[in-house]
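This report looks at where a ligand lies in a protein, at the pockets of that protein, and at a few points of its backbone geometry. Please keep the sequence and the structure in view while reading.

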Amino acid sequence: MARDSRPRPARGDRTRAVHGSEHEKPGPMSTPIVHSSTFSFASLEAMNAEQDRGADGAYYHRVGHPTLRACERRLAAIESAEDALLFSSGVAALACMFMAQLSAGDHALTLHQSYGGTHDLFRWGAERFGWKVDFLDAREPQTWEKAFRRETRLLHVESPTNPVLCVVDIAHAAELAHAHGARLTVDNTFASPVGQRPLAMGADLVMYSATKSIGGHGDLLAGAVTGSTAAIQPVWKARKVFGPVPDPALAWQIERSLKTLPLRVAAENANALELARRLAEHPAVVNVHYPGLASHRDHAIAARQMTLGFGPVVAFEVAGAAAAESVINAFQLIRQAPSLGGVESLASLPAFTSHIQLGPEGRAKAGIAEGLIRVSVGIEDVEDLWSDLDQALVRAAAVKV
Ligand SMILES: *Cc1c(COP(=O)(O)O)cnc(C)c1O
């Protein structure tokens, strides 16, 4: 029978997550895990040709390998990116992405609100590699333009940010960066590859801690970078030079997780929005930070650029540190743990964990109250999550500050 040659309508996110974008050949439904650190060749010519294929090849594990490539192709398909690379952690993805952009003497801009590990990387780069770095306030984008210098090569942003969920207008950030001859890189971990598409808004490279929504089950550590073939090439080079390449078992585990990513993110985001709305009405809650609420400062930008809801993380304030501690210790279903984007709901107190090193003044400047509780909402039944939140809040309301 003749093949239908009409152009196929673009497939949806869920279909691409399950099937990838390439026509699957008949055979195993699941990508075979190829545990081979090296590959053999019939001739020098064949070996050199395979090595030249880079991340697509099966030559030597650190360059790239078939199980890893299958997962990378699927991630690229989900995000409608030309290419994707995986790393052994989110921080390794950030490090390779930055090292691919910055030489000694180059200037970079990032947010005060960036992930702690991002601050560590830039501090390291400033001390050891001669990078120059300045920090911008995510809440004051009108001040960013004057921070650019002639040697600025990179603007790196995150949206929404941790833990109070400031939203960055990504298209605006891309315009600013490009007008000054710099690249825009976006840490899209909180939104996930199906929740926000920075590449379509002008970003040059996007990165993920795949430990979070992409992995999604609290059982793996990995990172990813997506972008055009040309932009990815130097990042691949950095990965080859420094070596943080996931092994076949990890690559397979990430690829399996990707198949349910759109379902998990949609469920988490819907639960998070419902809980944020109810928390905003709760008498024991002083303030709720969630970009899905109309009361959030950046709600309009978030509504424009986040396409599957507003992310799994909700942050809310109760009356002081003692009350927050009492709430978090009273949870019976929601577990006390760092991390986010998993099927299980997790809670943490940013002032006493992720942001403890800022000190009281630094936290006040960053808008992180001592009574702030961050919840990464999972896929559980929303009524069960609400009754857990409500009973813990009622108990905490009895704590006098
Ligand atoms: C967790 C996280 C990272 C770092 O990722 P790892 O997988 O822990 O190395 C980077 N950015 C954000 C926003 C994160 O939440």
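## The ligand and its surroundings

In this predicted model, the ligand is surrounded by 14 residues, and the closest among these are Val91, Asp187, Ser209, Thr211 and Lys212. Sorted by class, this shell holds 6 nonpolar, 5 polar and 3 charged residues.

Oxygen atoms of the ligand take part in several short polar contacts. The side chain of Thr211 places an N or O atom 2.6 Å from a ligand oxygen atom, and the side chain of Ser209 has an N or O atom at 2.8 Å from an oxygen atom of the ligand. Gly90 contributes through its backbone, where an N or O atom lies 2.9 Å from an oxygen atom of the ligand. Taken alone, the ligand would expose 380 Å², of which the protein buries 92%.

## The largest pocket

Which pocket holds the ligand? The ligand sits in the largest pocket, whose volume is about 1000 Å³. Its lining is made up of 46 residues, and those nearest the centre of the pocket are Tyr115, Gly116, Asn162, Ser354 and His355. By class, this lining comprises 17 nonpolar, 20 polar and 9 charged residues.

Several elements of secondary structure each supply at least two residues of this lining, namely helix H4 (90–101), helix H5 (116–129), strand S6 (205–209), strand S11 (346–348) and helix H12 (359–366). Of these, H5 gives the most, with 5 residues.

## The second largest pocket

The second largest pocket encloses about 590 Å³ of space, and of the 22 residues that line it, Glu22, Glu24, Lys25, Thr31 and Ala70 are the closest to its centre. Helix H3, which spans residues 66–79, provides the largest share of this lining, with 6 residues. When the lining of the second largest pocket is divided by class, 8 residues are nonpolar, 8 are polar and 6 are charged.

## Backbone geometry

Most peptide bonds are trans, and most residues other than glycine have a negative phi. Against that background, where do cis peptide bonds and a positive phi occur in this model? One cis peptide bond joins Ser159 and Pro160, with omega at about -10°, and the bond from Asn162 to Pro163 is likewise cis, with omega near -5°. Pro160 lies in the loop between strand S4 (152–158) and helix H6 (170–179), and Pro163 is also found in the loop between S4 and H6. Asn162, which precedes the second of these prolines, is also one of the residues nearest the centre of the largest pocket.

Ser192 has a positive phi of about 80°, although it is not a glycine. This serine is found in the loop between strand S5 (183–187) and S6, and S6 is one of the strands that supply at least two residues of the lining of the largest pocket.

Terms used: Residues are numbered from 1 along each chain as its sequence is written. This is a predicted model: local features need pLDDT of at least 70, side-chain atom pairs count only at pLDDT 80 or more; totals for chains, interfaces and linings use all residues. Side-chain values use heavy atoms; hydrogens and water are left out. A residue is near a molecule or strand if one of its heavy atoms lies within 4 Å of it. A polar contact is a pair of N or O atoms within 3.5 Å; within protein, one must be able to donate a hydrogen and the other to accept it, and residues adjacent in sequence count only if both atoms are side-chain atoms. Accessible areas come from the Shrake-Rupley method with a 1.4 Å probe; for residues, only the protein chains shown count as cover. On a 1 Å grid over the protein atoms alone, a cavity is a set of points where a 1.4 Å probe fits but cannot get out, and a pocket is an open set with protein on both sides within 12 Å along at least five of seven lines; lining residues have an atom within 4 Å of a point. A molecule sits in a cavity or pocket if more than half of its atoms lie within 2 Å of its grid points. Ala, Val, Leu, Ile, Met, Phe, Trp, Tyr, Cys and Pro count as nonpolar, Asp, Glu, Lys and Arg as charged, and the others, Gly among them, as polar. Grid points are joined across faces, edges and corners, and a volume is the space filled by probe spheres set on the points. Helices (H or I, at least four residues) and strands (E, at least two) are DSSP runs, numbered from the N terminus.
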